[in-house]
Amino acid sequence: LEQIKNEFVFNNPEASFSLPLFFAALKFAKDNRKVLWNDFPGFSFFLPEFIICRKEKKLMLIYNSRTDVPLEERCSSIRKFFESCRLSSERKKPLKIGYTDSSESDAKIQWDDGIYSILEKINTNELRKAVVSRKIKLILDEEPDIKVFMEKLSSGYPDCCIFAYKKEKSIFFGASPEKLACFNGNYVLSDALAGSIKRGITKEEDDAFAEELLNSTKNLAEQQ
């Protein structure tokens with residue numbers, strides 16, 4: 001950290017909200033050796049060139065640069081950044097999506113069989129809980145634009161935390177209902193949700209669902 005402080009100048013103007021300076025990423029599990037995650041290291045700690053912070057209607061752009069970088073290069077970097085942020089207003093034809101190979105259909109059958117097997121074991125008390133997932137390979141008719149995906153996630157899930165993490169040729173992105181990070185002075189707050197239920201149409205129905213969730217045997221057991 002001392003070396004970074006000596007090489008970079010931090011200009012943190014007075015603002016109405018806290019500003020992050022560094023970012024870190026931890027792979028789960030960090031020793032995952034699958035080819036799918038090869039581009040992501042077990043742990044990385046980095047200082048982004050650009051950071052955009054938003055709180056309510058206020059936006060702040062942070063630009064980090066070495067002091068020995070010429071002013072012309074800094075201006076060029078900022079200009080390129082804003083150009084890359086623009087989404088094309090032209091309507092593109094829908095991306096054609098299909099499975100990459102016939103083995104996907106066999107994988108789907110195995111997936112369905114596995115789900116039924118797990119449900120049977122839960123019904124006979126052999127299992128109490130299971131978390132399952134599967135990988136699906138898709139093919140597009142053109143190279144995808146991550147900005148388009150991010151815009152669709154933002155509009156489709158306005159109450160979620162939208163994220164994208166690019167490393168080498170891979171991008172890990174999504175929409176999480178959990179609070180990834182909240183900065184408040186010297187504190188960083190994160191959320192981990194466990195247990196959910198639909199919302200009610202009326203306040204009475206909403207309260208009834210909340211009471212049902214609070215008294216759910218399954219969810220209470222998972223919180224132990």
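## Aromatic pairs, a hairpin and a pocket in a predicted model

Asn 125 is exposed, its relative accessible area being 67%. In this predicted model, Asn 125 sits in the loop that runs between helix H3 (103-123) and strand E6 (138-139). The backbone of Asn 125 deserves a second look, for its phi is positive, at about 65°, although the residue is not a glycine. As background, most residues other than glycine have a negative phi. Glu 168 gives another such case, with a positive phi near 55° in a residue other than glycine. Glu 168 is placed in the loop between E7 and E8, and with a relative accessibility of 57% Glu 168 counts as exposed, because exposed means over 50%.

For a wider view of the fold, the secondary structure of the protein amounts to six helices and ten strands. The protein has 224 residues, of which buried ones make up 13%. Taking the contacts between residues at least 6 apart in sequence, 45% join residues at least 24 apart.

The loop that holds Glu 168 leads on to the strands on either side. E7 and E8 form a hairpin with two residues between them, and Glu 168, with its positive phi of about 55°, is in the turn. The two strands, E7 and E8, run antiparallel and are joined by seven bridges. Within this pairing, Ala 164 stands opposite Phe 173 of E8. As a reminder for reading such a pairing, side chains in a regular strand alternate between the two faces of the sheet.

Ser 176 also belongs to E8, which covers residues 170-176. Is Ser 176 buried or exposed? The relative accessible area of Ser 176 is 11%, so this residue is buried, the limit being under 20%. Leaving aside residues up to four places away in sequence, Ser 176 touches Cys 160, Cys 161 and Phe 163.

Phe 163 opens the way to the aromatic side chains. One aromatic cluster is formed by Phe 23, Trp 37, Phe 40, Phe 46, Phe 163, Tyr 165 and Phe 172. In the model, the count of aromatic pairs comes to ten. One of them is formed by Phe 23 and Phe 46, a stacked pair with 6.2 Å from centre to centre and 20° between the planes. This pair links distant parts of the chain, with Phe 23 in strand E1 (residues 23-26) and Phe 46 in strand E2 (residues 43-46), 23 residues apart. Phe 23 is partly exposed, at a relative accessible area of 29%, and Phe 46 is partly exposed too, at 30%.

Phe 46 also pairs with Tyr 165. Their ring centres are 6.2 Å apart and their planes lie at 5°, so this pair is stacked, given that planes under 30 degrees apart count as stacked. Here again distant parts of the chain are linked: Phe 46 belongs to strand E2 and Tyr 165 to strand E7 (residues 161-167), with their positions 119 residues apart in sequence. Tyr 165 counts as buried because its relative accessibility is 19%, where the cut-off is under 20%.

Phe 172, another member of the aromatic cluster, takes the account to a pocket. Rolling a probe the size of a water molecule over the atoms shows where empty space is left. The second largest pocket has a volume of about 880 Å³. Its lining is made of 24 residues, and those closest to the centre of the pocket are Pro 144, Ser 170, Ile 171, Phe 172 and Phe 173. Which elements each supply at least two residues of this lining? They are helix H4 (146-156) and E8, and E8 gives the most, with four residues. Sorted by class, the lining of the second largest pocket holds 15 nonpolar, two polar and seven charged residues.

Strand E8 thus recurs in several parts of this description: E8 is joined to E7 by seven bridges, contains Ser 176 and supplies four residues to the lining of the second largest pocket.

Technical notes
Residues are numbered from 1 along each chain as its sequence is written. This is a predicted model: local features need pLDDT of at least 70, side-chain atom pairs count only at pLDDT 80 or more; totals for chains, interfaces and linings use all residues. Side-chain values use heavy atoms; hydrogens and water are left out. Rings of Phe, Tyr and Trp (its six-membered ring) pair if their centres lie within 6.5 Å; planes under 30 degrees apart count as stacked, over 60 as edge-to-face and the rest as tilted. Buried means under 20% relative accessible area, exposed over 50%, partly exposed in between (1.4 Å probe, protein chains only). Contact means heavy atoms within 4.5 Å. On a 1 Å grid over the protein atoms alone, a cavity is a set of points where a 1.4 Å probe fits but cannot get out, and a pocket is an open set with protein on both sides within 12 Å along at least five of seven lines; lining residues have an atom within 4 Å of a point. Grid points are joined across faces, edges and corners, and a volume is the space filled by probe spheres set on the points. Ala, Val, Leu, Ile, Met, Phe, Trp, Tyr, Cys and Pro count as nonpolar, Asp, Glu, Lys and Arg as charged, and the others, Gly among them, as polar. Two strands pair if DSSP finds at least two bridges between them.
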